[in-house]
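Student: Could we go through this one together? I'd like to hear how each label gets earned.
Tutor: Sure, have a look first and then ask away.
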Amino acid sequence: MSSRTFPLRQGTKLVIKQGDITVEDVDAIVNAANERMLGGGGVDGAIHRAAGPQLVRACAEVPEVYPGVRCPTGEARITPGFHLKARHVIHTVGPIYHNDRVSAPLLASAYRSSVELAAQQGLASLSFPGISTGVFGYPWDKAAQVALESVQEALVAAGEGCSVREVRFVLFGQPLYDHFVEAAEALTAEAEAAPEEAAAAPEEAEALTAEAEAAEADAAEAEAAEVAEVAEAEAEVAEAEVAEAAPAPTPKAAAAAAPEAAEKDL
C-alpha cells in the first residue's frame, strides 16, 4: 500500500496512505457519519461493523440537538471505539457537495471540529477518511485541499500545547490517494516558501524606504526651487508696480531740471 509522510505546523506529522481505516491503531479514527449517527453506508457502515453493536448504542445515547439530528453538518461528536483498535471514534458530518461557496466552509468545519475535539480529549494520533468524497460527491482534488488546509489551520489554532502529534489520512483507492498527496506536496511547498519570503521582507522594506526617502528629497528640492522662482517673479512684479506708481514730473520741475541736464552734457 502506498504511503507518504509530510511535516505539518506545530511539529505534527502528516501521513497520507492507502488502507482500511477500521484497522488503524490510533487514539481515534474519524467516521464520516450522517446527522443521525446511527450508521450508514461506505466508511460509516464499515466502522460500525468493525466496532460492533455497542457503537450504534453509544451513538443513540448522544443527545439530539433537534429531532433526528445528533451531529449537525460540520460538527463532531466522540464515542468509544469498542472492538476497534482505535480507542475512540470521532463522528463528523461532511456536506453533500453543491458548490464551493456553500460546501467548502462546511467541509472545513468538519475537519476543524474533529481536530479540536481530539485536542480537547488529549488525543495524540488521529486517522481521517476522505470526508464527503464518496456518495456525497465532493470533487476529490478540492476535497483534498480543503482537508489538509483545514487540519493545519486547526493545529495552528490549538497552539504549541496541542496534544495531536500525528494526523493520518487513510484513503481507499489510488486516485483519491494521489489527490491527497498532491495537495500535501502543495501545502508543504507553501510552508517552505514562507520563511524565505519572510527573510526577504526586511531587504525589500529597506529598499522601499530608501526609494521613498529619495523621492521625498527630490520633491522637497523641486518645491524649494518653485518657491524661489515664485518669489523672484513676485519681486519683479512689485518693482514694476512701484515704477508705474511713481508721479510724473510737473512742467515746472522739468524746466528746472533742463539746465542741470544741459550742464551735465557739457
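Tutor: Start with pairing: two strands pair if DSSP finds at least two bridges between them. Strands here are DSSP runs of E with at least two residues, helices are runs of H or I with at least four, and both are numbered from the N terminus. Bear in mind that this is a predicted model, where local features need pLDDT of at least 70 and side-chain atom pairs count only at pLDDT 80 or more, while totals for chains, interfaces and linings use all residues. Residues are numbered from 1 along each chain as its sequence is written, and side-chain values use heavy atoms, with hydrogens and water left out.

Student: What makes β6 and β7 a pair?
Tutor: Four bridges join β6 to β7, and the definition asks for at least two, so they pair. The two strands run parallel. One bridge links Ser125 to Glu166 in β7.

Student: And what joins β3 to β6?
Tutor: Two bridges join strand β3 (residues 28–32) to β6, again in parallel. Ala28 stands opposite Leu126 in β6.

Student: How do β1 and β2 pair, parallel or antiparallel?
Tutor: Antiparallel, over five bridges. Phe6 has Leu14 as its bridge partner in β2, and Arg4 stands opposite Ile16. The two strands form a hairpin with five residues between them, and Gln10 in the turn has a positive phi of about 65°.

Student: What is the strand order of the whole sheet?
Tutor: It is an open sheet of seven strands in the order β1-β2-β7-β6-β3-β5-β4, with mixed pairing.

Student: Why are β1 and β4 called edge strands?
Tutor: β1 (3–7) and β4 (76–80) each pair on one side only.

Student: How are the helices placed on it?
Tutor: Helix α3 lies across β3, β4, β5 (88–92), β6 and β7, running at about 155° to β6. Helix α4 packs on the sheet, touching β2, β6 and β7, and its direction makes about 165° with that of β7. Touching means heavy atoms within 4.5 Å. The angles run from 0 to 180 degrees between N-to-C directions, with axes fitted to C-alpha atoms, for helices over the stretch in contact.

Student: What do β6, α4 and β7 make?
Tutor: A right-handed β-α-β unit, with α4 spanning residues 140–158. Right-handed means that, with the strands pointing away from the viewer, the path from the first strand over the helix to the second runs clockwise.

Student: Why is the pair of Tyr111 and Phe169 called tilted?
Tutor: A search of the whole structure finds five aromatic pairs. In this one the ring centres are 5.9 Å apart and the planes stand at 50°, so the pair is tilted. The rule is that rings of Phe, Tyr and Trp (its six-membered ring) pair if their centres lie within 6.5 Å; planes under 30 degrees apart count as stacked, over 60 as edge-to-face and the rest as tilted. The pair links distant parts of the chain, with Tyr111 in helix α3 (residues 100–120) and Phe169 in strand β7 (residues 166–171), 58 residues apart. Tyr111, Phe128, Phe169 and Phe180 form one aromatic cluster.

Student: Why is Arg70 called buried?
Tutor: Buried means under 20% relative accessible area, exposed over 50%, and partly exposed in between (1.4 Å probe, protein chains only). Arg70 has 10% relative accessibility, so Arg70 counts as buried. You'll find Arg70 in the loop between α2 (53–60) and β4. Its side chain reaches the backbone oxygen of Arg36 at 2.8 Å. That fits a polar contact, a pair of N or O atoms within 3.5 Å; within protein, one must be able to donate a hydrogen and the other to accept it, and residues adjacent in sequence count only if both atoms are side-chain atoms.

Student: And why is Glu116 called partly exposed?
Tutor: Glu116 comes out at 40% relative accessibility, so the label is partly exposed. Glu116 sits in helix α3.

Student: Which residues cover the two faces of β6?
Tutor: Ser125 and Ser127 lie on one side, Leu126 and Phe128 on the other, and all are buried. Tyr111 and Phe169 are buried too. Across the protein, buried residues make up 37% of the 266 residues.
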